[in-house]
Amino acid sequence: MNLPNEHQTIMPYLILQGAAKFIDFTKNVFDTVETNTKSIRSDGSIMHAEITLNGSTIMVTDEITDWGKQTANLFIYVPNADKTYQKALENGAVSLMELSDQDYGRTCGVTDPFGNVWWITSVIS
């Protein structure tokens, strides 16, 4: 099976209100990269875009009448959960779970301004 570059076998596809602002949020918080030229509808909304976080792709579109908002819970490993948590809060996320050390790593949870939940974790050495 030959997958397109930057694609995996399974990828989240988020339908959001404010897809362009969501992309900006992920760039500011997680240092994502846009990996696909945006397809724009005639009204200026995003029909399709792709971002990559450390080799993992998330597809995103703006909601329309036929396709309502569909958010996700996303678990992400980052180099430094403390710094990422702070950046998320500074960019409009709301804390769900304060930073703590767990068996699986240093972790926390936030809800971004678009309704997605991010479980942010870094491995403890």
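**Getting to know this predicted model**

Q: Where is D31 found?
A: Welcome to this predicted model. Two elements help you place D31: helix α1 covers residues 19-30, and strand β2 covers residues 33-40. D31 is found in the loop between α1 and β2.

Q: What is the phi of D31?
A: Most residues other than glycine have a negative phi. D31 is not a glycine, yet its phi is positive. The value is about 60°.

Q: Is D31 buried or exposed?
A: A residue counts as exposed when its relative accessible area is over 50%. D31 has a relative accessible area of 54%. Because of that value, D31 is exposed.

Q: Which loop holds N54, a residue other than glycine with a positive phi?
A: Phi of N54 is near 50°. With a relative accessible area of 69%, N54 is exposed. For its place, look between residues 46-53 and residues 56-62, in the loop between β3 and β4.

Q: How are β3 and β4 joined, and how many bridges are there?
A: The strands β3 and β4 run antiparallel. One place to look is T52, which stands opposite T57 in β4. The number of bridges joining β3 to β4 is five.

Q: In what order do the four strands of the open sheet lie?
A: The pairing in this sheet is mixed. Its edge strands are β1 (13-16) and β2, each of which pairs on one side only. From one strand to the next, the twist averages 20°. The order is β1-β4-β3-β2.

Q: Which strands does α1 lie across?
A: Helix α1 runs at about 10° to β3. Besides β3, the helix lies across other strands too, and the full set is β1, β2, β3 and β4.

Q: Is T52 buried or exposed?
A: T52 is found in strand β3. Its relative accessibility is 8%, and the limit for a buried residue is under 20%. T52 therefore counts as buried.

Q: With which side chain does the side chain of T52 make a polar contact?
A: Leaving aside neighbours within four places in sequence, T52 is in contact with E6, T32, V33, T35 and T57. The polar contact, at 3.2 Å, is between the side chain of T52 and that of T35.

Q: Which element gives the most residues to the largest nonpolar core?
A: This core has 27 residues, and those with the most contacts inside it include F22, F25 and W118. Among the elements giving two or more residues are β5 (73-77), α2 (81-90), β7 (105-111) and β8 (117-122). The most, six residues, come from α1.

Q: Which residues is V60 in contact with, leaving aside its neighbours within four places in sequence?
A: V60 is one of the residues with the most contacts inside the largest nonpolar core. Its contacts are Y13, L14, L16, A19, F22, I23, I46, H48 and A49.

Q: Which residue's side chain makes a polar contact with the side chain of D101?
A: D101 lies in strand β6, residues 94-102, and is exposed at 52% relative accessible area. Not counting residues up to four places away in sequence, D101 touches R106 and I124. The polar contact, at 3.2 Å, is with the side chain of R106.

Q: What distance separates the C-alpha atoms of D101 and I23?
A: Along the chain, D101 and I23 are 78 residues apart. In space, their C-alpha atoms are separated by 29 Å.

Technical notes
Residues are numbered from 1 along each chain as its sequence is written. This is a predicted model: local features need pLDDT of at least 70, side-chain atom pairs count only at pLDDT 80 or more; totals for chains, interfaces and linings use all residues. Side-chain values use heavy atoms; hydrogens and water are left out. Buried means under 20% relative accessible area, exposed over 50%, partly exposed in between (1.4 Å probe, protein chains only). Contact means heavy atoms within 4.5 Å. A polar contact is a pair of N or O atoms within 3.5 Å; within protein, one must be able to donate a hydrogen and the other to accept it, and residues adjacent in sequence count only if both atoms are side-chain atoms. Two strands pair if DSSP finds at least two bridges between them. Axes are lines fitted to C-alpha atoms, for helices over the stretch in contact, and angles run from 0 to 180 degrees between N-to-C directions. A nonpolar core is a set of buried Ala, Val, Leu, Ile, Met, Phe, Trp, Tyr and Cys residues joined through side-chain atoms within 4.5 Å.
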